[in-house]
Amino acid sequence: MATTVDSGNQYDRAEEVKRFDDSKIGVKGLVDSGLTTIPRIFLHPPETLSDLKPNPKPKSVAIPTIDLSGPRSTVVEQVAAASRSFGFFQIVNHGIPVQVLDRMIASIRAFHELPTDVKARFYRRDAGTGVSFISNVDLFHSKAASWRDTLQIRLGPTLPELEHIPEVCRDEVVQWNLHSTTLAEQLMGLLSEGLGLDKDTIKNTTCLDARVMVGHYYPCCPQPDLTVGIASHTDPGVLTLLLQDHTGGLQIKHEGQWVDVKPVHGALVINIADILQIMSNDEYKSVEHRVLANPSEEARVSIAVFFNPSAREALYGPFAELTSPEKPAHYRQFIYNDYMRRFFTKELDGKTLTNFYKL
(Lines give C-alpha, C1' and ligand atoms only; values in the text may rest on other atoms or scores of the structure.)
Protein backbone atom coordinates (compact mmCIF):
# COMPACT_ATOMS: atom_id res chain seq x y z
CA MET A 1 0.00 0.00 0.00
CA ALA A 2 1.38 3.38 -0.99
CA THR A 3 1.37 6.65 0.90
CA THR A 4 -2.03 8.28 0.40
CA VAL A 5 -2.92 11.97 0.21
CA ASP A 6 -6.09 12.91 2.11
CA SER A 7 -7.42 16.49 2.36
CA GLY A 8 -4.01 17.92 1.72
CA ASN A 9 -2.37 15.91 4.48
CA GLN A 10 -0.13 12.99 3.66
CA TYR A 11 -0.58 9.82 5.65
CA ASP A 12 0.92 6.41 5.30
CA ARG A 13 -2.03 4.05 4.98
CA ALA A 14 0.15 0.96 5.34
CA GLU A 15 1.50 2.30 8.61
CA GLU A 16 -1.97 3.10 9.94
CA VAL A 17 -3.19 -0.39 9.03
CA LYS A 18 -0.18 -1.94 10.76
CA ARG A 19 -0.69 0.21 13.84
CA PHE A 20 -4.34 -0.86 14.08
CA ASP A 21 -3.47 -4.52 13.60
CA ASP A 22 -0.63 -4.38 16.13
CA SER A 23 -2.96 -2.85 18.73
CA LYS A 24 -4.99 -6.11 18.75
CA ILE A 25 -8.05 -4.20 19.98
CA GLY A 26 -10.23 -4.74 16.92
CA VAL A 27 -13.10 -2.52 15.86
CA LYS A 28 -14.84 -3.02 19.19
CA GLY A 29 -11.78 -1.58 20.90
CA LEU A 30 -12.11 1.53 18.76
CA VAL A 31 -15.78 1.85 19.71
CA ASP A 32 -14.98 1.33 23.40
CA SER A 33 -12.46 4.18 23.19
CA GLY A 34 -15.36 6.56 22.57
CA LEU A 35 -14.51 7.69 19.05
CA THR A 36 -17.23 9.53 17.15
CA THR A 37 -15.64 9.44 13.68
CA ILE A 38 -14.20 6.37 12.01
CA PRO A 39 -10.44 6.22 11.22
CA ARG A 40 -9.37 6.87 7.64
CA ILE A 41 -8.47 3.25 6.96
CA PHE A 42 -12.21 2.39 7.19
CA LEU A 43 -13.41 5.04 4.72
CA HIS A 44 -14.67 3.37 1.55
CA PRO A 45 -14.40 4.97 -1.90
CA PRO A 46 -17.30 6.96 -3.40
CA GLU A 47 -18.23 4.20 -5.85
CA THR A 48 -18.83 1.82 -2.92
CA LEU A 49 -20.66 4.38 -0.80
CA SER A 50 -22.97 5.49 -3.60
CA ASP A 51 -24.08 1.87 -4.01
CA LEU A 52 -25.18 1.76 -0.35
CA LYS A 53 -28.05 4.18 -0.89
CA PRO A 54 -31.50 2.54 -0.94
CA ASN A 55 -33.02 1.94 -4.36
CA PRO A 56 -35.68 4.66 -4.91
CA LYS A 57 -37.84 2.05 -6.69
CA PRO A 58 -37.12 -1.20 -4.87
CA LYS A 59 -38.66 -4.44 -6.07
CA SER A 60 -40.56 -6.46 -3.50
CA VAL A 61 -38.24 -9.48 -3.38
CA ALA A 62 -37.62 -11.98 -0.59
CA ILE A 63 -35.23 -14.90 -0.76
CA PRO A 64 -37.00 -18.27 -0.51
CA THR A 65 -37.64 -19.92 2.86
CA ILE A 66 -37.71 -23.72 2.61
CA ASP A 67 -39.27 -26.11 5.12
CA LEU A 68 -36.95 -29.12 5.28
CA SER A 69 -39.67 -31.26 6.90
CA GLY A 70 -41.64 -31.41 3.65
CA PRO A 71 -41.70 -34.35 1.20
CA ARG A 72 -38.17 -34.99 -0.09
CA SER A 73 -39.05 -34.56 -3.77
CA THR A 74 -40.64 -31.19 -2.99
CA VAL A 75 -37.67 -30.04 -0.89
CA VAL A 76 -35.20 -31.09 -3.62
CA GLU A 77 -37.17 -29.09 -6.16
CA GLN A 78 -37.33 -26.01 -3.91
CA VAL A 79 -33.65 -26.13 -2.98
CA ALA A 80 -32.60 -26.51 -6.61
CA ALA A 81 -34.89 -23.69 -7.77
CA ALA A 82 -33.59 -21.32 -5.07
CA SER A 83 -29.98 -22.24 -5.88
CA ARG A 84 -30.52 -21.55 -9.57
CA SER A 85 -32.34 -18.25 -9.19
CA PHE A 86 -31.07 -16.66 -5.96
CA GLY A 87 -28.02 -18.64 -4.82
CA PHE A 88 -29.37 -18.05 -1.29
CA PHE A 89 -32.24 -19.50 0.73
CA GLN A 90 -33.35 -19.79 4.33
CA ILE A 91 -34.28 -23.12 5.91
CA VAL A 92 -36.66 -23.90 8.76
CA ASN A 93 -37.48 -27.21 10.50
CA HIS A 94 -33.86 -28.16 9.93
CA GLY A 95 -33.54 -30.29 13.06
CA ILE A 96 -31.35 -27.99 15.18
CA PRO A 97 -33.22 -26.79 18.29
CA VAL A 98 -33.72 -23.04 18.48
CA GLN A 99 -32.14 -23.07 21.96
CA VAL A 100 -28.89 -24.33 20.38
CA LEU A 101 -28.99 -21.46 17.87
CA ASP A 102 -29.59 -18.89 20.59
CA ARG A 103 -26.80 -20.25 22.80
CA MET A 104 -24.38 -20.22 19.88
CA ILE A 105 -25.09 -16.56 19.12
CA ALA A 106 -24.82 -15.65 22.82
CA SER A 107 -21.47 -17.44 23.17
CA ILE A 108 -19.89 -15.64 20.20
CA ARG A 109 -21.24 -12.34 21.50
CA ALA A 110 -19.75 -13.17 24.91
CA PHE A 111 -16.32 -13.77 23.37
CA HIS A 112 -16.30 -10.46 21.52
CA GLU A 113 -17.42 -8.63 24.65
CA LEU A 114 -14.59 -10.02 26.78
CA PRO A 115 -12.02 -7.50 28.04
CA THR A 116 -9.67 -6.38 25.28
CA ASP A 117 -6.58 -7.83 26.96
CA VAL A 118 -8.24 -11.27 27.16
CA LYS A 119 -9.18 -11.27 23.47
CA ALA A 120 -5.71 -10.01 22.51
CA ARG A 121 -4.26 -13.39 23.50
CA PHE A 122 -6.11 -14.89 20.53
CA TYR A 123 -5.27 -12.12 18.05
CA ARG A 124 -3.14 -13.56 15.24
CA ARG A 125 -3.14 -13.76 11.45
CA ASP A 126 -1.56 -17.19 11.22
CA ALA A 127 -3.89 -20.15 11.63
CA GLY A 128 -1.35 -22.35 13.40
CA THR A 129 -3.51 -23.19 16.42
CA GLY A 130 -6.70 -23.34 14.37
CA VAL A 131 -8.11 -20.40 16.35
CA SER A 132 -7.61 -16.69 15.69
CA PHE A 133 -9.25 -13.40 16.58
CA ILE A 134 -8.76 -10.80 13.84
CA SER A 135 -10.31 -7.71 12.33
CA ASN A 136 -10.71 -8.02 8.53
CA VAL A 137 -9.20 -11.11 6.91
CA ASP A 138 -8.20 -8.91 3.93
CA LEU A 139 -6.96 -5.97 6.05
CA PHE A 140 -3.57 -5.76 4.31
CA HIS A 141 -4.97 -6.24 0.78
CA SER A 142 -8.12 -4.14 0.77
CA LYS A 143 -8.50 -0.52 -0.26
CA ALA A 144 -10.57 0.10 2.87
CA ALA A 145 -11.17 -1.85 6.06
CA SER A 146 -14.66 -2.92 7.14
CA TRP A 147 -16.39 -2.36 10.47
CA ARG A 148 -16.27 -5.84 12.05
CA ASP A 149 -14.21 -8.24 14.17
CA THR A 150 -14.01 -12.00 13.68
CA LEU A 151 -13.29 -15.10 15.72
CA GLN A 152 -12.15 -17.77 13.25
CA ILE A 153 -11.97 -21.46 14.20
CA ARG A 154 -10.97 -24.44 12.07
CA LEU A 155 -13.66 -27.09 12.59
CA GLY A 156 -12.46 -29.81 10.26
CA PRO A 157 -11.17 -32.24 9.29
CA THR A 158 -10.34 -32.09 13.04
CA LEU A 159 -11.06 -29.51 15.71
CA PRO A 160 -8.19 -27.59 17.30
CA GLU A 161 -6.98 -28.67 20.73
CA LEU A 162 -9.88 -27.74 23.00
CA GLU A 163 -7.73 -25.53 25.23
CA HIS A 164 -7.09 -23.29 22.19
CA ILE A 165 -10.82 -22.57 21.78
CA PRO A 166 -11.93 -19.71 24.08
CA GLU A 167 -13.62 -21.16 27.13
CA VAL A 168 -16.55 -18.74 26.89
CA CYS A 169 -17.72 -20.41 23.65
CA ARG A 170 -15.92 -23.78 23.71
CA ASP A 171 -18.87 -26.08 24.43
CA GLU A 172 -21.10 -24.27 21.97
CA VAL A 173 -18.50 -24.45 19.17
CA VAL A 174 -17.99 -28.19 19.68
CA GLN A 175 -21.75 -28.74 19.54
CA TRP A 176 -22.18 -26.41 16.56
CA ASN A 177 -19.57 -28.36 14.61
CA LEU A 178 -21.61 -31.56 15.01
CA HIS A 179 -24.96 -29.95 14.18
CA SER A 180 -23.72 -27.94 11.19
CA THR A 181 -21.86 -30.91 9.66
CA THR A 182 -24.90 -33.18 9.90
CA LEU A 183 -27.10 -30.51 8.35
CA ALA A 184 -24.60 -29.72 5.57
CA GLU A 185 -24.46 -33.40 4.61
CA GLN A 186 -28.24 -33.37 4.27
CA LEU A 187 -28.13 -30.19 2.18
CA MET A 188 -25.40 -31.54 -0.11
CA GLY A 189 -27.60 -34.56 -0.76
CA LEU A 190 -30.54 -32.34 -1.69
CA LEU A 191 -28.35 -30.15 -3.90
CA SER A 192 -26.85 -33.21 -5.65
CA GLU A 193 -30.29 -34.63 -6.37
CA GLY A 194 -31.39 -31.22 -7.62
CA LEU A 195 -28.74 -31.55 -10.33
CA GLY A 196 -29.99 -35.04 -11.23
CA LEU A 197 -26.97 -36.67 -9.57
CA ASP A 198 -26.57 -39.30 -6.88
CA LYS A 199 -27.12 -37.78 -3.44
CA ASP A 200 -23.49 -38.41 -2.36
CA THR A 201 -21.92 -36.75 -5.42
CA ILE A 202 -21.04 -33.41 -3.78
CA LYS A 203 -20.05 -34.99 -0.46
CA ASN A 204 -17.74 -37.45 -2.25
CA THR A 205 -15.59 -34.58 -3.52
CA THR A 206 -14.43 -34.13 0.14
CA CYS A 207 -16.51 -30.94 0.35
CA LEU A 208 -17.86 -31.81 3.79
CA ASP A 209 -14.46 -32.27 5.41
CA ALA A 210 -12.62 -28.94 5.47
CA ARG A 211 -14.75 -26.66 7.62
CA VAL A 212 -14.02 -23.17 8.92
CA MET A 213 -16.25 -21.20 11.28
CA VAL A 214 -16.22 -17.43 11.55
CA GLY A 215 -18.02 -15.63 14.35
CA HIS A 216 -18.49 -12.04 13.16
CA TYR A 217 -19.19 -9.12 15.47
CA TYR A 218 -20.40 -5.81 14.03
CA PRO A 219 -20.28 -3.07 16.68
CA CYS A 220 -22.29 0.12 16.38
CA CYS A 221 -20.70 2.31 13.72
CA PRO A 222 -20.72 6.09 14.34
CA GLN A 223 -20.66 6.80 10.58
CA PRO A 224 -22.38 3.84 8.88
CA ASP A 225 -22.78 5.74 5.62
CA LEU A 226 -18.97 5.90 5.17
CA THR A 227 -18.02 2.22 5.53
CA VAL A 228 -19.43 -1.32 5.40
CA GLY A 229 -19.62 -4.36 7.66
CA ILE A 230 -18.36 -6.69 4.93
CA ALA A 231 -17.64 -5.57 1.39
CA SER A 232 -19.45 -7.19 -1.52
CA HIS A 233 -18.00 -10.63 -2.29
CA THR A 234 -18.80 -14.23 -3.14
CA ASP A 235 -17.67 -17.16 -0.99
CA PRO A 236 -14.75 -19.20 -2.33
CA GLY A 237 -15.75 -22.68 -1.13
CA VAL A 238 -18.64 -25.05 -1.82
CA LEU A 239 -21.44 -24.19 0.61
CA THR A 240 -21.95 -21.72 3.44
CA LEU A 241 -24.27 -22.18 6.42
CA LEU A 242 -25.05 -18.94 8.26
CA LEU A 243 -26.68 -18.25 11.60
CA GLN A 244 -27.56 -14.58 12.11
CA ASP A 245 -29.12 -12.73 15.01
CA HIS A 246 -32.17 -10.45 14.77
CA THR A 247 -30.30 -7.27 13.81
CA GLY A 248 -30.22 -7.52 10.01
CA GLY A 249 -27.81 -5.95 7.53
CA LEU A 250 -27.05 -8.89 5.22
CA GLN A 251 -27.88 -8.19 1.58
CA ILE A 252 -27.56 -10.21 -1.63
CA LYS A 253 -27.45 -8.98 -5.21
CA HIS A 254 -30.41 -10.27 -7.23
CA GLU A 255 -31.13 -9.09 -10.76
CA GLY A 256 -28.91 -6.06 -10.27
CA GLN A 257 -30.56 -4.96 -7.03
CA TRP A 258 -29.52 -5.36 -3.40
CA VAL A 259 -32.07 -7.41 -1.46
CA ASP A 260 -32.25 -7.68 2.33
CA VAL A 261 -31.95 -11.15 3.89
CA LYS A 262 -34.34 -10.48 6.72
CA PRO A 263 -33.63 -12.46 9.90
CA VAL A 264 -36.10 -15.21 10.77
CA HIS A 265 -35.73 -16.50 14.32
CA GLY A 266 -34.88 -20.19 14.22
CA ALA A 267 -33.95 -20.16 10.52
CA LEU A 268 -30.54 -20.66 8.93
CA VAL A 269 -29.28 -18.98 5.76
CA ILE A 270 -27.66 -21.18 3.10
CA ASN A 271 -25.69 -19.94 0.13
CA ILE A 272 -24.00 -21.50 -2.85
CA ALA A 273 -20.28 -20.73 -3.06
CA ASP A 274 -17.97 -20.42 -6.06
CA ILE A 275 -16.71 -24.01 -6.26
CA LEU A 276 -20.27 -25.40 -6.33
CA GLN A 277 -21.21 -22.95 -9.10
CA ILE A 278 -18.24 -24.29 -11.07
CA MET A 279 -18.97 -27.97 -10.30
CA SER A 280 -22.63 -27.47 -11.28
CA ASN A 281 -21.46 -25.92 -14.57
CA ASP A 282 -23.38 -22.73 -13.76
CA GLU A 283 -26.62 -24.52 -12.85
CA TYR A 284 -26.31 -23.12 -9.32
CA LYS A 285 -25.32 -19.50 -8.70
CA SER A 286 -22.77 -18.06 -6.30
CA VAL A 287 -23.95 -14.49 -5.85
CA GLU A 288 -22.48 -11.32 -4.43
CA HIS A 289 -23.46 -10.45 -0.89
CA ARG A 290 -22.44 -7.86 1.68
CA VAL A 291 -23.22 -6.63 5.18
CA LEU A 292 -24.00 -2.98 5.85
CA ALA A 293 -22.26 -1.18 8.71
CA ASN A 294 -24.36 -1.51 11.84
CA PRO A 295 -26.10 1.77 12.83
CA SER A 296 -27.81 0.37 15.95
CA GLU A 297 -26.51 0.48 19.50
CA GLU A 298 -26.66 -3.31 19.83
CA ALA A 299 -23.87 -5.16 18.04
CA ARG A 300 -24.83 -7.59 15.27
CA VAL A 301 -23.57 -11.19 15.55
CA SER A 302 -23.46 -13.83 12.82
CA ILE A 303 -21.77 -17.22 12.57
CA ALA A 304 -20.87 -18.74 9.21
CA VAL A 305 -19.50 -22.22 8.55
CA PHE A 306 -17.69 -22.56 5.22
CA PHE A 307 -17.58 -26.05 3.72
CA ASN A 308 -14.55 -26.57 1.49
CA PRO A 309 -12.77 -29.48 -0.20
CA SER A 310 -10.12 -31.18 1.94
CA ALA A 311 -8.39 -32.70 -1.12
CA ARG A 312 -6.57 -29.44 -1.78
CA GLU A 313 -4.24 -30.80 -4.49
CA ALA A 314 -7.08 -32.45 -6.42
CA LEU A 315 -8.47 -31.15 -9.69
CA TYR A 316 -11.89 -29.49 -9.64
CA GLY A 317 -14.19 -28.48 -12.46
CA PRO A 318 -17.71 -29.19 -13.73
CA PHE A 319 -19.13 -32.63 -12.94
CA ALA A 320 -18.72 -34.82 -16.03
CA GLU A 321 -22.39 -35.85 -15.82
CA LEU A 322 -23.41 -32.21 -16.36
CA THR A 323 -21.43 -31.64 -19.57
CA SER A 324 -22.16 -32.83 -23.09
CA PRO A 325 -21.58 -31.74 -26.70
CA GLU A 326 -24.82 -29.75 -26.37
CA LYS A 327 -23.73 -28.25 -23.04
CA PRO A 328 -19.94 -28.11 -22.88
CA ALA A 329 -18.01 -27.35 -19.72
CA HIS A 330 -18.00 -23.63 -18.85
CA TYR A 331 -14.82 -23.91 -16.75
CA ARG A 332 -11.38 -25.43 -17.06
CA GLN A 333 -10.14 -27.73 -14.32
CA PHE A 334 -7.93 -26.31 -11.60
CA ILE A 335 -6.19 -27.30 -8.37
CA TYR A 336 -8.12 -26.11 -5.32
CA ASN A 337 -4.99 -24.91 -3.51
CA ASP A 338 -4.19 -22.58 -6.42
CA TYR A 339 -7.71 -21.17 -6.25
CA MET A 340 -7.46 -20.46 -2.51
CA ARG A 341 -4.04 -18.84 -2.86
CA ARG A 342 -5.53 -16.42 -5.37
CA PHE A 343 -8.49 -15.71 -3.11
CA PHE A 344 -6.44 -14.87 -0.01
CA THR A 345 -4.04 -12.55 -1.82
CA LYS A 346 -6.80 -10.23 -3.01
CA GLU A 347 -9.38 -8.04 -1.35
CA LEU A 348 -13.06 -8.88 -1.03
CA ASP A 349 -14.36 -7.03 -4.07
CA GLY A 350 -17.44 -8.45 -5.66
CA LYS A 351 -17.28 -11.56 -7.82
CA THR A 352 -14.24 -13.53 -6.77
CA LEU A 353 -12.52 -15.93 -9.14
CA THR A 354 -15.05 -17.95 -11.13
CA ASN A 355 -14.46 -15.79 -14.21
CA PHE A 356 -10.71 -16.51 -14.00
CA TYR A 357 -11.42 -20.18 -14.74
CA LYS A 358 -14.04 -19.61 -17.44
CA LEU A 359 -13.40 -21.29 -20.79
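This report walks through a predicted model, from its cores to its helices, loops and a few single residues.

## The nonpolar cores

The largest nonpolar core holds 66 residues. Within this core, Trp176, Leu187, Met213, Leu239, Leu268 and Ile303 touch the most other members. Helix H7, residues 170-194, gives the most to this core, with 8 residues.

Ile303 shows how this packing brings distant parts of the chain together. Setting aside residues up to four places away in sequence, Ile303 touches Met104, Ile105, Ile108 and Trp176. The list goes on with Met213, Val214, Gly215, Leu241, Leu242 and Leu243.

There is also a second, separate core of 15 residues. Among its members are Ile63, Val269, Val287 and Ala304.

## The annotated domain

UniProt, in an unreviewed entry, lists residues 203-309 as "domain: Fe2OG dioxygenase". In the model this span is 6% helix and 45% strand. The C-alpha atoms at its two ends lie 9 Å apart.

## Helix H4

Helix H4 runs over residues 72-85. Its 14 residues should span 20 Å at 1.5 Å a residue, and the end C-alpha atoms are 20 Å apart, so the two values agree.

Which residues of H4 are buried? They are Val75, Val76, Val79, Ala80, Ala82 and Ser83. These residues cover an arc of only 165° around the axis, so they sit on the same side of H4. Ser73 and Glu77 are exposed on the other side of H4.

What covers the buried residues of H4? The cover includes strand S3 (65-67), strand S4 (88-92), H7 and strand S12 (268-272). Just after H4, Gly87 takes a positive phi of about 75°.

## Helix H9

Helix H9 spans residues 336-343. Its buried residues are Tyr336, Asn337, Tyr339, Met340 and Phe343. They cover an arc of only 160° around the axis, which means they lie on the same side of H9. The cover over them includes H8, strand S14 (300-308), strand S15 (315-316) and strand S16 (334-335).

## Backbone exceptions

Most residues other than glycine have a negative phi, and most peptide bonds are trans. The table lists backbone angles that stand out.

| Site | Feature | Angle |
|---|---|---|
| Gly156 and Pro157 | cis peptide bond | omega about 10° |
| Lys24 | positive phi, not a glycine | about 60° |
| Asp282 | positive phi, not a glycine | about 75° |

Pro157 lies in the loop between strand S6 (149-156) and H7. Lys24 is in the loop between helix H1 (13-23) and H2. The relative accessible area of Lys24 is 34%, so Lys24 is partly exposed. Asp282 sits in the loop between H8 and S13. At 13% relative accessibility, Asp282 counts as buried.

## Three residues up close

**Ser33.** This residue is in the loop between helix H2 (26-32) and helix H3 (46-50). Is Ser33 buried or exposed? Ser33 is exposed, because its relative accessible area is 58% and exposed means over 50%. The side chain of Ser33 reaches the backbone oxygen of Leu30 at 2.5 Å. Ser33 and Lys53 are 20 residues apart in sequence. In space they are 29 Å apart, C-alpha to C-alpha.

**Asn281.** This residue lies in the loop between helix H8 (274-279) and strand S13 (289-292). Its relative accessibility is 0%, so Asn281 counts as buried. Which residues is Asn281 in contact with, leaving aside neighbours within four places in sequence? They are Pro318, Leu322, Thr323, Lys327, Pro328, Ala329, His330 and Tyr331.

**Gln251.** This residue belongs to strand S10, residues 250-254. Gln251 is buried, with a relative accessible area of 9%. Its side chain makes a polar contact with the side chain of Asp260 at 2.9 Å. Another polar contact joins the side chains of Gln251 and Arg290 at 2.8 Å. Both partners also appear in the wider set that Gln251 touches, not counting residues up to four places away in sequence: Trp258, Val259, Asp260, Val261, Glu288, His289, Arg290 and Leu292.

Terms used. Residues are numbered from 1 along each chain as its sequence is written. This is a predicted model: local features need pLDDT of at least 70, side-chain atom pairs count only at pLDDT 80 or more; totals for chains, interfaces and linings use all residues. Side-chain values use heavy atoms; hydrogens and water are left out. A nonpolar core is a set of buried Ala, Val, Leu, Ile, Met, Phe, Trp, Tyr and Cys residues joined through side-chain atoms within 4.5 Å. Buried means under 20% relative accessible area, exposed over 50%, partly exposed in between (1.4 Å probe, protein chains only). Helices (H or I, at least four residues) and strands (E, at least two) are DSSP runs, numbered from the N terminus. Contact means heavy atoms within 4.5 Å. UniProt positions are given in the numbering used here, feature names are shortened, and annotations may be inferred rather than shown by experiment. A polar contact is a pair of N or O atoms within 3.5 Å; within protein, one must be able to donate a hydrogen and the other to accept it, and residues adjacent in sequence count only if both atoms are side-chain atoms. The expected span of a helix is 1.5 Å times one less than its number of residues. The arc is that of the directions from the helix axis to the C-beta atoms.
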